[in-house]
Each structure stands twice: as C-alpha cells, then as structure tokens.
Amino acid sequence: MAKSRHSFGKERLETIEHKTPILVISGSCSPISAYQIAWAENNGFGIIGLDTAALVAGVNTDSILEQISRETIEKLQMGQSVIVHTSNSNTDPRIEKTKQMLENQGYTALQIQTLTAQVFGNALGTIATTVLANTKVERMVVAGGDTSSYAARAMGIEAVEMLAPLTPGAPICLLMLPGSSLDKKQIIFKGGQVGTENYYGRIGEIFK
C-alpha cells in the first residue's frame with residue numbers, strides 16, 4: 001500500500017475544493033458497499049459493471065478496459081459521477097459465474113480470492129488511470145480492501161499526503177505522483193464495510 005504523509009492544518013483544509021464529479025472504483029462485494037452503490041444509483045450516479053468472468057479468462061481484456069474507460073469518461077464529462085464496480089452485492093451473479101469458471105480450472109478457494117483481487121484491482125486501477133488522465137475529475141474513491149492495493153499499484157501510486165480526516169481509516173488524501181497526470185488528485189481508500197449508505201453523496205459534497 002502507498003506510504004502516507006500527514007497534513008491536517010486548517011490552511012490545508014481550506015484548499016480542498018470539489019467542483020467536478022467523482023469517480024469510484026469498487027472491488028467490494030460487502031452488504032454495506034451494496035447499499036452505497038444502490039443509494040448512488042438512485043441519486044444520479046452512473047453505474048458501470050465489469051464483466052469479471054471475461055477479465056479473469058483474459059478474453060479481450062484491452063477492449064473491455066477501453067470500452068469501460070470510454071463510457072466512464074463520457075458520463076463524467078457530462079457532469080455525472082460514476083461508480084465502476086466488479087459486483088453490486090454479495091449475490092451478484094457475476095461472483096458465482098467467475099468462481100465456478102475458476103473452480104472448473106482447478107483453482108482452490110484461496111487461489112481464487114488472490115487471483116480475482118489481482119485481476120480486478122489491476123483492471124480498476126488501469127481504468128482509473130485512463131479516466132483521470134482524460135477528464136477534469138479531481139477526487140476519486142477506491143473501495144474494497146482486497147483489490148485496493150493492486151489498484152494502487154496499477155495506478156503507479158507510491159505515496160499519498162493526508163489532507164483531511166473524513167471517516168475513521170479512510171481520510172481524504174493527495175496523490176504524490178510528480179510527472180503524472182494523477183499528481184495532486186484527491187483519493188480516498190476505503191474498506192467495503194466503511195461508511196454510511198449515502199457515503200458517496202457525502203464524498204461529492206464535503207468541502208464543496
């Protein structure tokens with residue numbers, strides 16, 4: 001996971017502004033994440049699901065990521081916040097479909113958990129990198145503990161600076177990537193069980 005540097009001074013908080021839609025990449029299948037995604041969809045967020053079985057199978061991966069990135073960019077450019085996710089609940093049929101496919105290939109439960117976290121995290125991180133490089137989005141959320149470290153690596157994140165406490169264990173941070181289009185973007189890493197039902201609405205409004 002990325003290293004962090006603390007900076008909670010009032011002067012730093014006053015510099016935080018949010019005038020653009022937010023991007024959320026979610027690899028969580030927790031019930032709380034499901035409520036948050038449902039709330040977001042009912043409150044104007046664009047919701048885009050990944051074909052997880054195709055990603056794990058390695059079928060047309062580049063085309064899938066390009067298509068999802070393009071669709072996400074289009075929605076964000078129209079002013080709509082977007083959640084790109086690998087599941088919208090723990091009963092999402094994609095979970096069982098992907099699990100069954102890997103079990104048929106001889107993978108154990110632990111191997112499946114590790115493999116899917118890596119594949120999904122890499123895919124979500126790649127999409128986020130493309131989207132942030134081609135939009136004016138300033139703030140994003142990475143949801144899901146198992147996938148977040150892989151997403152961070154795919155985005156090239158090595159260090160973040162803490163800007164403001166928001167939810168215990170999930171502060172607003174600043175990306176430190178000199179020379180990258182992601183440099184100085186705001187990011188929040190949150191576990192699947194973190195936050196209230198309207199969490200993503202609060203992220204979009206806080207400090208506005």
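Which hand does the crossing of α4 and α6 have, left or right? Keep that in mind while you set up the view. The model is predicted.

**Stop 1: α4 against α6**

Select residues 61-77 for helix α4 and residues 109-133 for helix α6. Look along the place where the two helices pack. Their axes lie 9 Å apart, at an angle of about 45°. That angle makes α4 oblique to α6. The crossing is right-handed, which settles the opening question.

Now show side chains. From α4, pick Leu65, Ile68, Ser69, Thr72, Ile73 and Leu76. Their partners in α6 are Ala123, Thr126, Ile127, Thr130 and Val131. Colour this contact by class: seven residues are nonpolar, four are polar and none is charged.

**Stop 2: α5 against α6**

Keep α6 on screen and add α5, residues 93-104. The axes of α5 and α6 cross at roughly 120° and come within 11 Å. The two helices are therefore oblique to each other. The crossing of α5 and α6 is right-handed.

On the α5 side, select Thr98, Lys99, Leu102 and Glu103. On the α6 side, select Ile112, Leu115, Thr116 and Phe120. By class, the contact of α5 with α6 holds four nonpolar, two polar and two charged residues.

**Stop 3: α6 against α7**

Hide α5 and bring up α7, residues 145-154. The axes of α6 and α7 are 7 Å apart, and the packing angle is about 45°. α6 and α7 are therefore oblique to each other. α6 passes α7 in a right-handed crossing.

The α6 residues to select are Gln113, Thr114, Ala117, Gln118, Phe120, Gly121, Asn122, Gly125, Thr126 and Thr129. From α7, take Asp146, Thr147, Tyr150, Ala151 and Ala154. How do the residues of the contact of α6 with α7 divide by class? Five are nonpolar, nine are polar and one is charged.

**Stop 4: Val119**

Stay on α6 and centre on Val119, which has its place in this helix. Then select Val56. The two are 63 residues apart in sequence, yet their C-alpha atoms are 6.5 Å apart in space. Leaving aside neighbours within four places in sequence, Val119 is in contact with Leu55 and Val56.

**Stop 5: the largest pocket**

Switch on your pocket display. The volume of the largest pocket is about 540 Å³. To find its centre, select Cys29, Ile95, Gln113, Thr116 and Phe120; of the 22 lining residues, these lie nearest to it.

Which helices each supply at least two residues of the lining? They are α5, α6 and α7. The largest share, six residues, comes from α6.

Colour the lining by class to finish. Six of its residues are nonpolar, twelve are polar and four are charged.

**Last look**

Leave Phe120 and Thr116 highlighted. Both belong to the α6 side of the contact with α5, and both are among the residues nearest the centre of the largest pocket. Phe120 also takes part in the contact of α6 with α7. Then highlight Gln113. This residue is on the α6 side of the contact with α7, and Gln113 is also one of those nearest the pocket centre. Finally, pick Thr126. Thr126 meets α4 and also belongs to the contact with α7.

How values were computed: Residues are numbered from 1 along each chain as its sequence is written. This is a predicted model: local features need pLDDT of at least 70, side-chain atom pairs count only at pLDDT 80 or more; totals for chains, interfaces and linings use all residues. Side-chain values use heavy atoms; hydrogens and water are left out. Axes are lines fitted to C-alpha atoms, for helices over the stretch in contact, and angles run from 0 to 180 degrees between N-to-C directions. Helices (H or I, at least four residues) and strands (E, at least two) are DSSP runs, numbered from the N terminus. Angles under 35 degrees count as roughly parallel, over 145 as roughly antiparallel, 65 to 115 as roughly perpendicular and the rest as oblique. A crossing is left-handed if the near helix is turned anticlockwise from the far one by less than a right angle, and right-handed if clockwise. Contact means heavy atoms within 4.5 Å. Ala, Val, Leu, Ile, Met, Phe, Trp, Tyr, Cys and Pro count as nonpolar, Asp, Glu, Lys and Arg as charged, and the others, Gly among them, as polar. On a 1 Å grid over the protein atoms alone, a cavity is a set of points where a 1.4 Å probe fits but cannot get out, and a pocket is an open set with protein on both sides within 12 Å along at least five of seven lines; lining residues have an atom within 4 Å of a point. Grid points are joined across faces, edges and corners, and a volume is the space filled by probe spheres set on the points.
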